[in-house]
Amino acid sequence: MPPHDVEVDLTLVRRLVDTQLAAVDPAAAAGRLTLLAQGWDNVVYRLGDDLTVRVPRRVLAAGLVEHEARWVPVLAPRLPVAVPVPVFHGMPDAGYPYPWLVCRWVPGQDVGRLPLAERGALALDLADTLVVLHRPAPADAPENLYRGTPLASRDDVVRARIRSWDGPRQVLLDAWDDALAAPLYDGPPVWLHGDPHPLNLAHEHGRLSGLLDFGDVTSGDPASDLATAWWTFDAAARDTFRGRIEAARAAGAPYDSGVWSRAAGWAASFASAMEPGSPLDAVAQHTARQLALDRDRS
């Protein structure tokens, strides 16, 4: 977990809610706060039954909250699953330096808790959701140097990270090299979620119910999002997911012949960034296994 510059705890979040949200919605502010997640960038609490509170813990995350506040309400009506639409934009105060958000609660549990063998039912839902999202983005879409960009711009950083990774490095290096050799994306920059790993996917009643955490929302190469094929699924479900994306490509969606090689490279890059013992370490190890399996199948 990278260092953070603000300690975010229940006392702080309660104060922010009581001093700011309560001024416009006292009933909502009175809800019970329950810790949901302590991520790389944010701490998330559930507020009552219907809301969440998303509080940045480091300066790099503060701008991402602003992106969510601006763009999630624009994207949400287009998507076939629920997303955490902001309903209140909190401001810094004397004891806390960053903006923060109150968002709608998305029902369901994160897919990271779902056994791998049961995730196949979600493959079509996730593919369909990403196809809808991956539409040309406006020129003022948020910039993100770590998502959707040409992979060569990240080569030195990612290659060094893979070589020091605590896991099967060669399979990540092979995927990364293949991605760099693939054709560059030359289509229009499309909207990207930026981080559709299984802990940012929600499921309920056997279906994908939500797409969470739009902090990395940006535009660019859709291969960046399609890395979820290795982050989230086993080989059979990945084939289903890829088949749906390929059908969309045949119908004119902005996916090209090199998209899967680049997507595997993005998957390898993500895996190499996860530290042992971090919340996403299991996703990283799963990704390496799936990349190795696909290499054996090819």
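**Exercise 1. Aromatic pairs**

Task: In this predicted model, find how many aromatic pairs there are, and work out how the rings of W230 and W260 are arranged.

Solution. Start with the count: it comes to seven aromatic pairs. Now take W230 and W260, whose ring centres are 6.4 Å apart and whose planes meet at 65°. Planes over 60 degrees apart count as edge-to-face, so this pair is edge-to-face. Next, place the two residues: W230 belongs to helix α8 (residues 228–232) and W260 to helix α10 (residues 259–273), so the pair ties together parts that are 30 residues apart in sequence. Both W230 and W260 are buried.

Carry on with F233 and F241. Their ring centres lie 5.7 Å apart with the planes at 45°, so this pair is tilted. Both F233 and F241 are buried as well. To finish, put the residues together: ring pairs link W230, F233, F241 and W260 into a cluster.

**Exercise 2. Charges over rings**

Task: Find which ring the charged end of R46 sits over, and which residue has R70 over its face.

Solution. Look at R46 to begin with: its charged end sits over the ring of W105, 3.6 Å from the ring centre. Then turn to R70, which lies over the face of W71 at 3.9 Å from the ring centre.

**Exercise 3. The five-stranded sheet**

Task: Give the strand order of the open sheet formed by five strands, name the strands at its edges, and say which helices lie across its strands.

Solution. Trace the order: β1-β2-β3-β5-β4, with antiparallel pairing. Read off the edges, which are β1 (33–38) and β4 (86–90); each has a single partner strand, so one side of each is left without a neighbour in the sheet. On average, neighbouring strands of this sheet are turned by 20° against each other, direction ignored.

Zoom in on one pairing. Strand β3 (residues 51–56) and strand β5 (residues 100–104) run antiparallel and are joined by four bridges. Here T52 stands opposite C103 in β5.

Now add the helices. Helix α1 (residues 10–24) lies across β1, β2 (42–47), β3, β4 and β5, and runs at about 60° to β2. Helix α3 (residues 59–75) lies across β2, β3, β4 and β5, running at about 145° to β4.

**Exercise 4. The three-stranded sheet and its loop**

Task: Describe the open sheet formed by three strands, and then decide whether H205 is buried or exposed.

Solution. The strand order is β6-β8-β9, and the pairing is antiparallel. At the edges stand β6 (109–110) and β9, each with a single partner strand, so one side of each is left without a neighbour in the sheet. Four bridges join strand β8 (residues 201–204) to β9. Among the bridge partners, A202 is matched with G210 in β9.

Next comes the loop between β8 and β9, where H205 lies. Phi of H205 is near 55°, a positive value in a residue other than glycine. Exposed means over 50% relative accessible area; H205 has 75% relative accessibility, so H205 counts as exposed. Another residue to note is D213, in the loop between β9 and β10. Phi of D213 is also near 55°, again a positive value in a residue other than glycine.

**Exercise 5. D125 on helix α4**

Task: Place D125 in its helix, and find which side chain makes a polar contact with the side chain of D125.

Solution. D125 is in helix α4 (residues 123–133). This helix lies across β8 and β9, running at about 35° to β9. Check the accessibility: buried means under 20%, and D125 is at 12%, so D125 counts as buried. The polar contact joins the side chain of D125 to the side chain of R207, at 2.7 Å. Beyond its neighbours within four places in sequence, D125 is in contact with R207 and L208.

**Exercise 6. V217 in its loop**

Task: Decide whether V217 is buried or exposed, and list which residues V217 contacts beyond its sequence neighbours.

Solution. Locate V217 in the loop between β9 (207–211) and β10 (218–220). With a relative accessible area of 1%, V217 is buried. Leaving aside neighbours within four places in sequence, V217 is in contact with H67, L75, P142, W191, L192 and H193. Lastly, compare sequence and space: V217 and G148 are 69 residues apart in sequence, and their C-alpha atoms are 9.9 Å apart.

Notes. Residues are numbered from 1 along each chain as its sequence is written. This is a predicted model: local features need pLDDT of at least 70, side-chain atom pairs count only at pLDDT 80 or more; totals for chains, interfaces and linings use all residues. Side-chain values use heavy atoms; hydrogens and water are left out. Buried means under 20% relative accessible area, exposed over 50%, partly exposed in between (1.4 Å probe, protein chains only). A polar contact is a pair of N or O atoms within 3.5 Å; within protein, one must be able to donate a hydrogen and the other to accept it, and residues adjacent in sequence count only if both atoms are side-chain atoms. Contact means heavy atoms within 4.5 Å. Rings of Phe, Tyr and Trp (its six-membered ring) pair if their centres lie within 6.5 Å; planes under 30 degrees apart count as stacked, over 60 as edge-to-face and the rest as tilted. A charge sits over a ring if NZ of Lys or CZ of Arg is within 6 Å of the ring centre and within 35 degrees of the ring normal. Two strands pair if DSSP finds at least two bridges between them. Axes are lines fitted to C-alpha atoms, for helices over the stretch in contact, and angles run from 0 to 180 degrees between N-to-C directions.
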